[in-house]
Amino acid sequence: MGESLPPCDPVIRTVAMPADTNPYGDIFGGWLMSLMDIGAGTVAMQRAKGRAVTVAMDGMQFHAPVAVADEVSVYGRLAGTGRTSIAIEVEAWRRRRDEDVAVKVTQARFTFVAIDDEGRPRPVD
């Protein structure tokens, strides 16, 4: 694919385990999507300085498979803010257990809304 890792530290790094597979033994796309949502949520909460909830996910594309025992790293970066919303670009990369090369496996754009204690949208400072 020829792409470079993002120029920041991952917000999540984990290892794909057998419990993360679908009935065919492949890593379940929903597991990967969940990791990306958690990673994006970490970035959104830091920017919102409090609670933020996922309201949309756009452009999810799977580029390469993930296997059991692959190291999976999720990178997130702030893509923009609105009055109450926060957009986060997220990429997931995998590294095989016996290789040094990382490969981008998926990417998506997540949108969050900052909320108050009653669950109502609040301005992002």
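**Figure 1. A salt bridge joins the side chains of Arg13 and Glu71 in this predicted model.** The N to O distance of the pair is 3.8 Å. Arg13 belongs to strand β1 (residues 12–15) and Glu71 to strand β3, so that the contact, as a pair 58 residues apart, links distant parts of the chain. Arg13 has a relative accessibility of 48% and therefore counts as partly exposed. Glu71 is also assigned to the partly exposed class, because its relative accessible area is 22%.

**Figure 2. Arg96 and Asp70 meet through their side chains in a salt bridge.** Their N to O distance is 2.5 Å. The two residues lie 26 residues apart and link distant parts of the chain: Arg96 is in the loop between β4 and β5, and Asp70 is in the loop between β2 and β3. Asp70, at 2% relative accessibility, is buried, because the limit for that class is under 20%. Arg96, by contrast, is partly exposed, with a relative accessible area of 22%.

**Figure 3. Further salt bridges include the pair Arg120 and Glu118 and a network of three residues.** In the pair, the closest N and O atoms of Arg120 and Glu118 are 3.3 Å apart. Glu118 counts as exposed because its relative accessibility is 57%, whereas Arg120 is partly exposed at a relative accessible area of 48%. The network of salt bridges links Glu3, Glu91 and Lys104. In general, side chains of opposite charge can pair when their charged atoms come close. Over the whole structure, the search finds nine salt bridges.

**Figure 4. The largest pocket has a volume of about 200 Å³.** Its lining consists of 13 residues, of which Pro6, Arg77, Glu89, Val90 and Glu91 are the closest to the centre. Two or more lining residues come from each of the elements β3 (71–81), β4 (85–95) and β5 (102–114). Sorted by class, the lining comprises six nonpolar, three polar and four charged residues. Glu91, one of the residues closest to the pocket centre, is also a member of the salt-bridge network with Glu3 and Lys104.

**Figure 5. Met33, Met57 and Phe62 form a nonpolar patch on the surface.** Together, the three residues have about 250 Å² of accessible area. Met57 is located in strand β2 (residues 52–62). The relative accessibility of Met57 is 31%, and this residue therefore counts as partly exposed. Membership of a patch requires over 30% relative accessible area, a condition that Met57 meets at 31%.

**Figure 6. Lys49 and Ala69 have positive phi values although neither is a glycine.** For Lys49, phi is about 55 degrees. This residue lies in the loop between α1 (29–48) and β2. Lys49 counts as exposed because its relative accessibility is 64%. For Ala69, phi is near 80 degrees, and the residue is found in the loop between β2 and β3. Ala69 is partly exposed, as its relative accessibility is 25%. The loop between β2 and β3 also holds Asp70, the buried partner in the salt bridge with Arg96.

Technical notes. Residues numbered from 1 in each chain as written. Predicted model: local features only at pLDDT ≥ 70, side-chain atom pairs only at ≥ 80, totals over all residues. Heavy atoms only, no water. 1 Å grid on protein atoms, 1.4 Å probe; cavity = no way out; pocket = protein on both sides within 12 Å on 5 of 7 lines; lining within 4 Å. Points joined across faces, edges and corners; volume = space filled by probe spheres on them. Helix = DSSP H or I, 4+ residues; strand = E, 2+ residues; numbered from the N terminus. Nonpolar A, V, L, I, M, F, W, Y, C, P; charged D, E, K, R; others polar. Patch = residues over 30% accessible without salt bridge, like charges linked within 9 Å, V, L, I, M, F, W, Y side chains within 5 Å. Areas by Shrake-Rupley, 256 points an atom, 1.4 Å probe, with all protein chains shown as cover. Salt bridge = Lys/Arg side-chain N within 4 Å of Asp/Glu carboxyl O. Buried < 20%, exposed > 50% of the residue type's maximum accessible area, 1.4 Å probe, protein only.
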